[in-house]
Amino acid sequence: LLAKDLFRVLKQKWGTHLNSFISEKLTSIPGDISSEDLGLKDSNLKEELWNELDIIVNSAAATKFDERYDVAFDINTLGAIHAVNFAKKCVKQEVLVHLKISGLRTGLISENLPDGASELDVDVEMKVIAQKLHELKTEGASQNEITLSKKALGIERFSNDARMAKHYVFKFTKTKGETLMQQSKENLSLITIHPAILGDTYKEPFPGWVEYP
């Protein structure tokens, strides 16, 4: 991460001391947003996080419009629920900040989904995805065939128009996840930040830096 151009200003300021400075401020913990408890298996680590964390920022997202339906669903929909559930277990939790991504668009941003998509049930979609994967494995499908089939599944679920359905897969999985966050947050303070635009930098940390997901 520190090798990114974004950090070159800090490198100029801190020089060889940057790595040690960052190490004092940050701790990297591998996890999986698509799994309960963010994929953390170490019970002692989970207890430590639940007792110490006060602010959680969730920026995890599958942002490719042609992503496999199961991958987008696991990260954007189930991942959002898992983030809320994890935050609710934190005894010092003050706020969960969720980053919303819409891409480069102007004017009023509509959250309208294709006809019928808003009524789709998460549990039903999980079963559809699991059943499809089971069928493919039973047939001995290759990994590439599974990937293509899972992309096609998203198109089948939302539209006969493949061009538009790709957008619906992203929009549905993100919007459904964010809706479920609101429904399940209970007393948790939840803030959703919706950037007006994703683009290159004008001045800070230096002009022209850009890196899309």
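**Close-up views of a predicted model**

Buried residues account for 33% of the 213 residues in the protein chain. The model is predicted.

**View 1. Fold of the protein chain, with 7 helices and 3 strands.** Along the sequence, the elements run α-α-α-β-α-β-α-α-α-β. Take the contacts with a separation of 6 or more: 74% of them join residues 24 or more positions apart.

**View 2. Surface of the protein chain, about 13,400 Å² exposed.** Carbon and sulfur atoms supply 53% of this exposed area.

**View 3. Trp14 and Phe21, a stacked aromatic pair.** The search of the whole structure finds 3 aromatic pairs. In the pair of Trp14 and Phe21, the rings sit 4.1 Å apart, centre to centre. The angle between their planes is 15°. That pair counts as stacked because planes under 30 degrees apart fall in that class. Trp14 is partly exposed, at 31% relative accessibility. Phe21 is also partly exposed, with a relative accessible area of 23%.

**View 4. Tyr69 and Phe73, an edge-to-face aromatic pair.** The ring centres of Tyr69 and Phe73 are 6.1 Å apart. Their planes meet at 65°. An angle over 60 degrees counts as edge-to-face. Both residues belong to helix α4, which spans residues 69-88. Why are Tyr69 and Phe73 separated by about one helical turn? Because they lie 4 residues apart in helix α4. Tyr69 is buried, and Phe73 is buried too. Each therefore has under 20% relative accessible area.

Definitions and conventions. Residues are numbered from 1 along each chain as its sequence is written. This is a predicted model: local features need pLDDT of at least 70, side-chain atom pairs count only at pLDDT 80 or more; totals for chains, interfaces and linings use all residues. Side-chain values use heavy atoms; hydrogens and water are left out. Helices (H or I, at least four residues) and strands (E, at least two) are DSSP runs, numbered from the N terminus. Buried means under 20% relative accessible area, exposed over 50%, partly exposed in between (1.4 Å probe, protein chains only). Contact means heavy atoms within 4.5 Å. Accessible areas come from the Shrake-Rupley method with a 1.4 Å probe; for residues, only the protein chains shown count as cover. Rings of Phe, Tyr and Trp (its six-membered ring) pair if their centres lie within 6.5 Å; planes under 30 degrees apart count as stacked, over 60 as edge-to-face and the rest as tilted.
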